[in-house]
Amino acid sequence: YKPHLERGIEAANNPDAKRYLDYRELLADPDVEAVVIATPDHWHEQMVMDAIHAGKAIYCEKGWTLSVDSAKRMRAAIKQSNTIFQLGHQGRQ
């Protein structure tokens, strides 16, 4: 959402901060080593899988997934790739 993006850029007070309108652009950036996934739960699996394929370390907030099958797919992909992954519940779940 572009207005939130611009507010975040302003708040960063960093003229070198990059803007990404699509998370896949961020994943394609070789300067990005890790990502924080703080989206609604139904996006987590796709974003985790895309981040794994992009070779990024991952911190995923809140509930991990909506189904056991999804959790098993992500766990298998994380283990197979040796991706650094952390799940945080932020004290709300």
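# A guided tour, starting from Thr-39

Begin by selecting Thr-39, which is found in the loop between strand S1 (34–37) and helix H3. Keep in mind throughout that what you have open is a predicted model. Is Thr-39 buried or exposed? Its relative accessibility is 17%, and because buried means under 20%, Thr-39 counts as buried. If you now show the residues around Thr-39, leaving aside its neighbours within four places in sequence, you will find it in contact with His-44, Met-47 and Lys-62.

Next, zoom out and colour the chain by its helices and strands. The chain has four helices and three strands, and when you follow it from the N terminus these elements run in the order α-α-β-α-β-α-β. Along its principal axes, the C-alpha trace spans about 40 × 30 × 20 Å. Of the 93 residues in the chain, 30% are buried. Among contacts between residues at least 6 apart in sequence, 47% join residues that are at least 24 apart.

Now select helix H3, residues 41–53. Which residues of H3 are buried? They are His-44, Met-47, Val-48, Met-49, Asp-50, Ala-51 and Ile-52, and you may recognise His-44 and Met-47 as contacts of Thr-39. If you then display what covers the buried residues of H3, you will meet helix H2 (23–28), S1, strand S2 (57–61), H4 and strand S3 (85–88) among the elements that do so. Just beyond the helix, select Gly-55, which follows H3 and has a positive phi, near 75°.

Keep H3 on screen and add helix H4, residues 68–81, so that the pair can be viewed together. The two helices pack at an angle of about 10°, and their axes lie 10 Å apart. Angles under 35 degrees count as roughly parallel, and H3 and H4 are therefore roughly parallel to each other. To see where they meet, show the side chains of His-44, Glu-45, Val-48, Met-49 and Ile-52 in H3, which meet Ser-70, Arg-73, Met-74, Ala-77, Ile-78 and Ser-81 in H4.

From there, move to strand S3 and select Leu-87, which has its place in that strand. With a relative accessibility of 29%, Leu-87 counts as partly exposed. Which residues does Leu-87 contact, once its neighbours within four places in sequence are left aside? They are Cys-60, Lys-62 and Trp-64, and Lys-62 is also in contact with Thr-39, where the tour began. Draw a distance from Leu-87 to Trp-64, C-alpha to C-alpha, and you should read 7.2 Å, although the two are 23 residues apart in sequence.

The next two stops are asparagines in loops. Select Asn-13 in the loop between helix H1 (2–12) and H2, where phi is near 50°, a positive value in a residue other than glycine. Asn-13 has a relative accessibility of 69% and counts as exposed. Then select Asn-82, which lies in the loop between H4 and S3 and has a positive phi of about 60° although it is not a glycine. Asn-82, at 67% relative accessibility, counts as exposed too.

To finish, switch on the surface of the whole chain. The accessible surface comes to about 6700 Å², of which 51% belongs to carbon and sulfur atoms. If you colour the charged side chains, you will find 12 positive and 13 negative ones, and the centres of the two sets lie 6 Å apart.

Definitions and conventions. Residues numbered from 1 in each chain as written. Predicted model: local features only at pLDDT ≥ 70, side-chain atom pairs only at ≥ 80, totals over all residues. Heavy atoms only, no water. Buried < 20%, exposed > 50% of the residue type's maximum accessible area, 1.4 Å probe, protein only. Contact = heavy atoms within 4.5 Å. Areas by Shrake-Rupley, 256 points an atom, 1.4 Å probe, with all protein chains shown as cover. Lys, Arg positive; Asp, Glu negative; His and termini not counted. Charge placed at Lys NZ, Arg CZ, Asp CG, Glu CD. Axes fitted to C-alpha atoms, helices over the stretch in contact; angles between N-to-C directions. Parallel < 35°, antiparallel > 145°, perpendicular 65-115°, else oblique.
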